[in-house]
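Colleague: Got a minute to go through this one with me? I would like to start with the DNA contacts.

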Protein chains: 2
Amino acid sequence: MALAEADQPLYEIKANLFKGLAHPVRIRILELLSAAPEVSVAEMLTDMGLEASHLSQHLSVLRRHRLVTSERRGSHVYYRWVSVHGAELLAAARLLLGDLLQSSAEQLQQAATLPPMGTSDVSTVAGGR
Amino acid sequence: MALAEADQPLYEIKANLFKGLAHPVRIRILELLSAAPEVSVAEMLTDMGLEASHLSQHLSVLRRHRLVTSERRGSHVYYRWVSVHGAELLAAARLLLGDLLQSSAEQLQQAATLPPMGTSDVSTVAGGR
DNA sequence: TGACGATTTGACGAACTCATCATATCAATA
DNA sequence: TATTGATATGATGAGTTCGTCAAATCGTCA
């Protein structure tokens, strides 16, 4: 695992990191972990209203991607971010999304103002999809 | 698109953002875009040694996720990050990975020092795959 | 207008991820 | 030791992404 990873270029490792983040439930988990030193599985279940095995599958993905660390104390298991920079990453994403959502709202506004068939320029969202 | 997105919780939007980042080629593209104001497709092709249609498929994903914006000038198309915070996000990921890779290296070192069957603790990578 | 360079899109099989249910495992306790 | 609460794992079908090749589109120029 860590051995195989030593041979990978950084962009592959980075992409792999983002794969671990690429699911709504996992984002919710990590947001909880960003707001507290550690969180128990039971707390997550209550907070998120998921079925235990569904949550556990996602926690397993996070463990596999080495984004979280787990610790069993009695019959309870606690999770935490594996790095202090985890919450920073989510915050950086929030900033980027702030821009995206803002420009998206601006475009919606423009679309409401414009005549039916607008500009021919390729740029931005218009080109997408 | 943007209409549908307005109804989504932020964690879903965030996860979708990370989906757009979850491929090595797309990371490489975005790293190039982080290092220059804009980059043409031709430059990317040269830099990355990909086939044109392969690159284009990935650029299409980035456009669909609204992470990049494109502009055609003559027969050349130029791409840029759609937000100044894009590069920051990649930098934040680099910090997180720095921690992960460091703790990974430390574990490799410990593994080399430890006897065959080590601790029973669930924590960290040992619990992962 | 046809040819050509640059880029995008379409299509399809393979691989991977996700959702969900059943089962197994772990720890505590009577 | 069996039971129970807490959590993890296994299995499987559906959905999505990826890799790759073929074809289409766009802009320029003779």
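Colleague: Which polar backbone atom is 3.3 Å from a phosphate oxygen of DNA strand D?

Modeller: In this predicted model, the backbone atom belongs to A:Ala42. A side chain does something similar: an N or O atom of A:Ser56 is 3.1 Å from a phosphate oxygen of DNA strand D.

Colleague: And what lies 3.2 Å from a base nitrogen of strand D?

Modeller: A polar atom in the side chain of B:Ser53. As for elements, chain A gives two or more residues to the surface near DNA strand D from each of α4 (41-48), α5 (52-64) and β3 (76-81), and chain B does so from α5 (52-64).

Colleague: Which element gives the most?

Modeller: α5(A), with 5 residues.

Colleague: Which residues come nearest to strand D?

Modeller: Out of 23 around the strand, they are A:Gln57, A:Arg63, A:Tyr79, B:His23 and B:Gln57. By class, the surface near DNA strand D has 12 polar, 6 nonpolar and 5 charged residues.

Colleague: Of the strand D atoms within 4 Å of the protein, how many are sugar or phosphate?

Modeller: 67%, and the rest belong to bases.

Colleague: Changing topic: α3 of chain A. Which of its residues are buried?

Modeller: A:Pro24, A:Val25, A:Arg26, A:Ile27, A:Ile29, A:Leu30 and A:Leu33.

Colleague: How far apart are the end C-alpha atoms of that helix, and what should it span?

Modeller: They are 17 Å apart. Helix α3 of chain A (residues 24-35) has 12 residues, so at 1.5 Å a residue it should span 16 Å, which agrees.

Note on methods
Residues numbered from 1 in each chain as written. Chains lettered and ligands numbered in written order. Predicted model: local features only at pLDDT ≥ 70, side-chain atom pairs only at ≥ 80, totals over all residues. Heavy atoms only, no water. Near = heavy atom within 4 Å. Polar contact = N/O pair within 3.5 Å; in protein donor to acceptor, adjacent residues only side chain to side chain. Helix = DSSP H or I, 4+ residues; strand = E, 2+ residues; numbered from the N terminus. Nonpolar A, V, L, I, M, F, W, Y, C, P; charged D, E, K, R; others polar. Expected span 1.5 Å × (residues − 1). Buried < 20%, exposed > 50% of the residue type's maximum accessible area, 1.4 Å probe, protein only.
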